[in-house]
Amino acid sequence: MSEKIERLKTVIIGSGPAGYTAAIYAARADLKPVMYTGMEPGGQLTTTTEVDNFPGYPEGIDGPTMMVQLQQQAERFGTEVRIGMVTAVELSDETGGIHKLTIDDDKVIEAETVIISTGASAKYLNLPSEQRLRGGGVSACAVCDGFFYKGQDVAIVGGGDTAAEEASYLANICNKVTMLIRKDHMRASKAMQHRVNSLKNIDIHYNTEIDEVLGDQVVEGLRMVNNQTGKKEEIAITGLFIAIGHTPNTGIFKGQLDMDETGYILTKGKSTKTNKPGVFASGDAQDKEYRQAVTAAGTGCMAALDAERYLATVETPEEVV
Ligand code: NDP
């Protein structure tokens with residue numbers, strides 16, 4: 001005898017600020033949301049120390065605490081939070097169609113609406129020496145790991161706002177920060193560039209890339225290369241921070257949802273609607289521009305409202321028993 005497939009009104013995939021905000025709104029609208037947390041419950045903010053720019057926290061709040069509180073708030077209205085990964089999807093094309101989601105490569109569930117809030121992950125250079133030393137001094141999050149290199153010499157790769165912000169953060173706790181920028185200029189905002197330039201212990205190298213990360217078990221140094229002259233130089237460091245951008249976690253939707261060339265899900269107009277009826281995208285999975293907790297939360301709210309309105313307009317097919 002085959003088991004009955006679980007049918008849910010709203011499934012939220014991902015547990016960052018977008019997912020939890022969607023959950024709060026969906027639960028209050030009686031959509032009985034079920035959230036699958038993904039591999040990193042709480043999302044990117046759980047690897048952040050202080051969040052100083054989320055409105056309503058005049059003293060700031062640490063990322064993990066904020067995520068626990070968001071979860072409590074979502075659960076207070078009846079969201080069911082399940083630890084698990086959505087590993088495959090079969091999104092329906094028809095209006096009012098049911099979407100099938102595979103959980104942990106095993107169980108299949110059905111959803112009338114799906115809210116995607118799978119976020120984005122940090123990019124790496126993918127040099128063999130960098131990959132080998134991940135966790136041994138190579139990190140993609142200065143605010144998470146910078147503390148371990150207090151008073152030491154470190155390097156950071158990247159010239160965007162993230163790199164500039166993390167370089168200033170590191171300059172406060174480390175002895176010296178070498179910043180490697182592959183172009184002859186920084187992409188970061190003028191304000192961030194000014195901040196980086198004003199810190200005396202940040203040494204900026206333009207037109208510079210990593211040739212090899214040195215060290216056997218842990219990072220001991222770096223060989224950098226000037227991409228204009230070919231000149232190589234070695235420096236001693238104990239920590240290397242990679243800050244070269246993020247990749248959206250949208251692989252399972254490829255071929256089913258419209259995306260841009262870098263994998264960010266495309267949404268319609270000012271809404272969170274995707275090209276599939278009943279499927280909504282929020283947070284960093286659809287935003288490469290702002291990528292802030294507060295903007296992610298805003299789009300999570302929009303996704304829940306869009307899902308509620310969608311459900312009010314469609315007739316749902318009968319469950320197959
Ligand atoms: P960005 O894509 O803006 O910048 C990535 C940086 O990494 C660029 O300097 C890029 O160089 C460099 N880079 C990419 N690949 C490589 C590589 N293989 N080797 C060496 N360097 C590489 O990413 P960010 O994470 O910095 O920012 C993403 C978005 O988030 C931006 O819109 C930014 O403004 C925003 N943001 C805002 C903040 C704030 O307002 N407080 C804080 C942090 C981010 P190149 O320029 O040559 O392509």
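# Close-up views of a predicted model

**View 1. Ala188 sits in the loop between S12 and H6.** The elements named in these legends are DSSP runs numbered from the N terminus: helices are H or I runs of at least four residues, and strands are E runs of at least two. This is a predicted model, in which local features need pLDDT of at least 70 and side-chain atom pairs count only at pLDDT 80 or more, while totals for chains, interfaces and linings use all residues. Residues are numbered from 1 along each chain as its sequence is written, and side-chain values use heavy atoms, with hydrogens and water left out. Is Ala188 buried or exposed? Ala188 is buried, at a relative accessible area of 6%; buried means under 20% relative accessible area, exposed means over 50%, and partly exposed is in between, with a 1.4 Å probe and protein chains only. Ala188 touches Gly159, Gly160, Asp161, Ala164 and Gln193, if you skip residues up to four places away in sequence. A contact here means heavy atoms within 4.5 Å. For a sense of scale, the C-alpha atoms of Ala188 and Ala27 are 39 Å apart, with their positions 161 residues apart along the chain.

**View 2. Ile181 is in the loop between strand S12 (176-180) and helix H6 (190-198).** Ile181 counts as buried because its relative accessible area is 3%. Once neighbours up to four places away in sequence are set aside, Ile181 touches Gly158, Gly159, Met186, Ile204, His205, Tyr206, Asn207 and Thr208. Its C-alpha atom and that of Thr238, 57 residues apart along the chain, are separated by 19 Å.

**View 3. The ligand has 17 residues around it.** Which of them come nearest? They are Gly159, Asp161, Thr162, Arg187 and Arg291. A residue is near a molecule if one of its heavy atoms lies within 4 Å of it. By type, the shell splits into 4 nonpolar, 6 polar and 7 charged residues. In this scheme Ala, Val, Leu, Ile, Met, Phe, Trp, Tyr, Cys and Pro are nonpolar, Asp, Glu, Lys and Arg are charged, and the others, Gly among them, are polar. Helix H5 (residues 161-173) gives the most to the shell, with 3 residues.

**View 4. Polar atoms of Gly159, Asp161 and Arg182 meet oxygen atoms of the ligand.** A polar backbone atom of Gly159 is 2.8 Å from a ligand oxygen. Asp161 brings a polar side-chain atom to 2.5 Å from an oxygen atom of the ligand, and a polar side-chain atom of Arg182 lies 2.9 Å from one. The ligand taken alone exposes 920 Å², and the protein buries 75% of that. Areas like these come from the Shrake-Rupley method with a 1.4 Å probe; for residues, only the protein chains shown count as cover. A polar contact is a pair of N or O atoms within 3.5 Å; within protein, one must be able to donate a hydrogen and the other to accept it, and residues adjacent in sequence count only if both atoms are side-chain atoms.

**View 5. Arg291 has a positive phi of about 50° although it is not a glycine.** Most residues other than glycine have a negative phi. Arg291 is in the loop between strand S19 (279-281) and H7, and its relative accessible area of 26% makes it partly exposed. Asp104 also has a positive phi of about 50°. Where is Asp104? It lies in the loop between strand S7 (99-103) and strand S8 (107-116). Asp104 is partly exposed, at 43% relative accessibility.

**View 6. Thr250 is tucked into the loop between strand S18 (246-248) and S19.** Thr250 counts as buried because its relative accessibility is 1%. Its side chain reaches the backbone oxygen of Gly263 at 2.6 Å. Neighbours within four places in sequence aside, Thr250 is in contact with Thr118, Met259, Gly263, Ile265 and Ala285.

**View 7. Ser129 is part of helix H3 (residues 128-132).** At 6% relative accessibility, Ser129 is buried. A polar atom of its side chain lies 3.0 Å from the backbone nitrogen of Val213. Leaving out residues up to four places away in sequence, Ser129 touches Glu212 and Val213.

**View 8. The largest nonpolar core has 27 residues, and Tyr20 and Ile115 touch the most other members.** Such a core is a set of buried Ala, Val, Leu, Ile, Met, Phe, Trp, Tyr and Cys residues joined through side-chain atoms within 4.5 Å. Helix H1 (17-28), helix H2 (63-76) and helix H7 (293-313) each supply at least two residues of the core, and H7 gives the largest share, 7 residues. Tyr20 touches Ser15, Met35, Met67, Leu70, Gln71, Ala74 and Val81, not counting residues up to four places away in sequence.
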